[in-house]
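Notebook open, coffee ready. I want to jot down what I look up here, one entry at a time.

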Amino acid sequence: MQKKLNQYLEGIDGIVPQKFDEKCTRNTHYMYMFYYDKKYFGGMDKSEFIKEMNDLGIECHVPYPLVFNTTFFKKRYYIPKYI
């Protein structure tokens, strides 16, 4: 299913399906991930894009924050004195 969805979405300017390493023989596909380029969507930021997708009946969300934006990294809790 992921391959078929990739084929459909690759035809939409500004949508880039996530690539998978050819050595990967299995993928859980618990969610479908892709990148979008806001310049192809009227400069719409990520939160607006997600809202529009959901309003159209296409469930969409940001599942995880970027690791370097978490409090754990910003406050440097990974330094041994905190462990």
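**Cysteines.** I started with Cys60 and asked myself: is Cys60 buried or exposed? Cys60 has a relative accessible area of 15%, and the cut-off for buried is under 20%, so Cys60 counts as buried. I should keep in mind that this is a predicted model. Next I looked up Cys24, which comes out at 38% relative accessibility. Buried stops at 20% and exposed means over 50%, so Cys24 goes down as partly exposed. Then I wondered how many disulfides the structure holds. The count is zero.

**Largest pocket.** Cys60 turned up again when I checked the pockets. The largest pocket has a volume of about 1,100 Å³. I noted 27 lining residues, and the closest to the pocket's centre are Tyr32, Met33, Phe34, Cys60 and His61. Which elements give two or more residues to this lining? I found α1 (2–9), β2 (34–36) and α2 (46–55). The most comes from α2, which gives four residues.

**Surface patch.** Last, I went looking on the outside. Val67, Phe72, Phe73, Tyr77 and Tyr78 form a nonpolar patch on the surface. Together they have about 450 Å² of accessible area. I picked Tyr77 for a closer look and asked where it sits. Tyr77 is in the segment after α3 (71–74). Its relative accessible area is 32%. A patch residue needs over 30%, so Tyr77 passes that cut-off with its 32%, and Tyr77 is labelled partly exposed.

How values were computed. Residues are numbered from 1 along each chain as its sequence is written. This is a predicted model: local features need pLDDT of at least 70, side-chain atom pairs count only at pLDDT 80 or more; totals for chains, interfaces and linings use all residues. Side-chain values use heavy atoms; hydrogens and water are left out. Patches are made of residues with over 30% relative accessible area and no salt bridge: like charges are joined within 9 Å, nonpolar side chains (Val, Leu, Ile, Met, Phe, Trp, Tyr) within 5 Å. Accessible areas come from the Shrake-Rupley method with a 1.4 Å probe; for residues, only the protein chains shown count as cover. A salt bridge is a side-chain nitrogen of Lys or Arg within 4 Å of a carboxyl oxygen of Asp or Glu. Buried means under 20% relative accessible area, exposed over 50%, partly exposed in between (1.4 Å probe, protein chains only). A disulfide is a pair of cysteine sulfur atoms within 2.5 Å. On a 1 Å grid over the protein atoms alone, a cavity is a set of points where a 1.4 Å probe fits but cannot get out, and a pocket is an open set with protein on both sides within 12 Å along at least five of seven lines; lining residues have an atom within 4 Å of a point. Grid points are joined across faces, edges and corners, and a volume is the space filled by probe spheres set on the points.
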